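Please look over the sequence and the model shown below before reading on. The paragraphs that follow go through the structure one part at a time.

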Amino acid sequence: MKLRCTINELETLIPTIGQELTPIIQSEAGCGKTSLLKAIEKKLGDKYDYIYVDCPVKDMSDIAMTIPNHETKTLESYVGSLFKLDNDKPKVILLDEFMKSPKLLQVIFTRLMLERTVGDTPLPEGSIVFGTSNNQADGLGDTMMAHAGNRVCIVEMQKPEVEDWLVWATENGVSPLIRAFVHTFPRCLASYRDEGQEDNPYIFNPKKPVLSFVSPRSLEKASVIVSNRDKLGDNATMVALAGTIGQSASADMSAFLRLEKELPTFDDILKEPESTQVPESISAQLMLMFQAVDKIKQQSDLTAFMKFVNRMASNEIQAIFFTMMMKNSRTVKIARGNKEIADWAVENFNIM
């Protein structure tokens, strides 16, 4: 079985070993490798300078250049401003898509990864270096010299689980319709490397190359399309979705777009939570709950909506709303003091 780290584990692993040993994080396209830099910044704060290096588009002049010193009649190395070495603050440096670097730059970056040196200038004490790359088996042009690979720590990142992605998507403003789609079609976050995914129509597969497919990244990108579907119109919306998440996913999502028009509004539910009709479709119920997580602002909103949720036939579906409320950094503050939530948790402790 292939060993993989979760995103949360990597947020700890990289700062822990990254001062002495350089982790190279590999995964399929669009799984959130690059976002690790922002996650580490959020975790470590302003103790460090945070530096993003887009390796495939850099050349030697971006890293360092030799400049004549006319007094000593020698050449001196001047480091690019990219690395912020004009101050002594330690750095967290992400070498993004390192294995797609031009060969000459791979040599330069290898010294940075091994010796914590840019050109001939050492990084400040305590600096952290890590890199990212796609899996070499994905056929996206990722290569690394064997002797260099033996000097770093190559770690495969696991694609996010559905529940973890839903928490992230909620906190980052992804459309509730897309979140409901992902919960309904969890296969869209599977990996082609997992057993039984050979015929998965949603995901990236190097044996069936397509440019548009479902990934955590493309799902987030699709949010702006879904949010502006009334302005775009039906045809342009579907064309744009197909060009972002692929034909299969866009076809299935079209059913969600039609379904949403038949749902009661959030305001109607708050006004009459005990008489507003509860949709029979699980997908429709999910849409309403993800919308509610976004819109609930105060205790009275949550109390009213819980009266509506309690009328749903399935405790397991109710549990999805409870989980989203408790895992969201904003709504958990409201949920902890809410009597309706507390009563539900007591009555349903066996399914949590």
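Which residues do ring pairs link into a cluster? The cluster that ring pairs build in this predicted model consists of F181, F185, Y202 and F256. A search of the whole structure finds 14 aromatic pairs, and one of them joins F185 to F256, with ring centres 6.1 Å apart and planes at 55°, so that this pair counts as tilted. Distant parts of the chain are linked by this pair, since F185 sits in the loop between α7 and α8 while F256 belongs to helix α11 (residues 247-260), 71 residues apart. The two partners can also be described by their accessibility: F185 is partly exposed, because its relative accessibility is 24% and the buried class requires a value under 20%, whereas F256, with a relative accessible area of 4%, is buried.

Another aromatic pair, also tilted, is made by F305 and F308, whose ring centres are 5.7 Å apart and whose planes lie at 45° to each other. Both residues are in helix α14 (residues 299-309), three places apart, which is about one turn of the helix. In an α-helix there are 3.6 residues a turn, so residues three or four places apart point the same way. F305 is buried, with a relative accessible area of 0%, and F308 is likewise buried, with a relative accessible area of 0%.

A step back gives the overall frame. The protein chain has 352 residues, of which 48% count as buried, and its secondary structure comes to 17 helices and nine strands. Along the principal axes, the C-alpha trace spans about 85 × 45 × 45 Å. Among the contacts between residues at least 6 apart in sequence, 69% join residues at least 24 apart. For a separation within the chain, one can take A345 of helix α17 (residues 339-347) and I128, which are 217 residues apart along the chain and have C-alpha atoms separated by 43 Å.

The interior comes next. The largest nonpolar core holds 61 residues, and those with the most contacts inside it are W165, I178, V182, I296, L302, F305 and F321. Helix α13 gives the most to this core, with eight residues. A second core, separate from it, has 18 residues, including F83, F98, M99 and L112. When residues up to four places away in sequence are left aside, V182 touches V162, W165, L166, C188, L189 and L219. Of these neighbours, V162, W165 and L166 are among the buried residues of helix α6 (residues 162-171), a group to which V167, A169 and T170 also belong. The buried residues of α6 are covered by elements that include α7 (176-184), α8 (216-227), α13 (282-295) and α15 (315-327). Helix α13 also contains Q285, which is buried, with a relative accessible area of 5%, and which, again not counting residues up to four places away in sequence, touches V278, P279, E280, M312 and I317.

Helix α6 appears again at the largest pocket, where α1 (7-17), α2 (36-44), α6 and α8 each supply at least two residues of the lining. About 1200 Å³ of space lies in this pocket, and 36 residues line it, with I7, G32, S35, W168 and N172 nearest its centre. By class, the lining has twelve nonpolar, ten polar and 14 charged residues.

The backbone deserves a last look. Most residues other than glycine have a negative phi, and most peptide bonds are trans. Just after α6, G173 takes a positive phi of about 75°. K84 is not a glycine, yet its phi is positive as well, near 55°; this residue is found in the loop between β4 (74-79) and β5 (91-96) and counts as partly exposed, at 34% relative accessibility. R116, again not a glycine, has a positive phi of about 55° and lies in the loop between α4 (103-115) and β6 (117-118). Is R116 buried or exposed? With a relative accessible area of 10%, R116 is buried, because that value is under 20%.

Technical notes
Residues numbered from 1 in each chain as written. Predicted model: local features only at pLDDT ≥ 70, side-chain atom pairs only at ≥ 80, totals over all residues. Heavy atoms only, no water. Buried < 20%, exposed > 50% of the residue type's maximum accessible area, 1.4 Å probe, protein only. Helix = DSSP H or I, 4+ residues; strand = E, 2+ residues; numbered from the N terminus. Contact = heavy atoms within 4.5 Å. 1 Å grid on protein atoms, 1.4 Å probe; cavity = no way out; pocket = protein on both sides within 12 Å on 5 of 7 lines; lining within 4 Å. Points joined across faces, edges and corners; volume = space filled by probe spheres on them. Nonpolar A, V, L, I, M, F, W, Y, C, P; charged D, E, K, R; others polar. Core = buried A, V, L, I, M, F, W, Y, C linked by side-chain atoms within 4.5 Å. Phe/Tyr/Trp six-rings, centres within 6.5 Å; stacked < 30°, edge-to-face > 60°.
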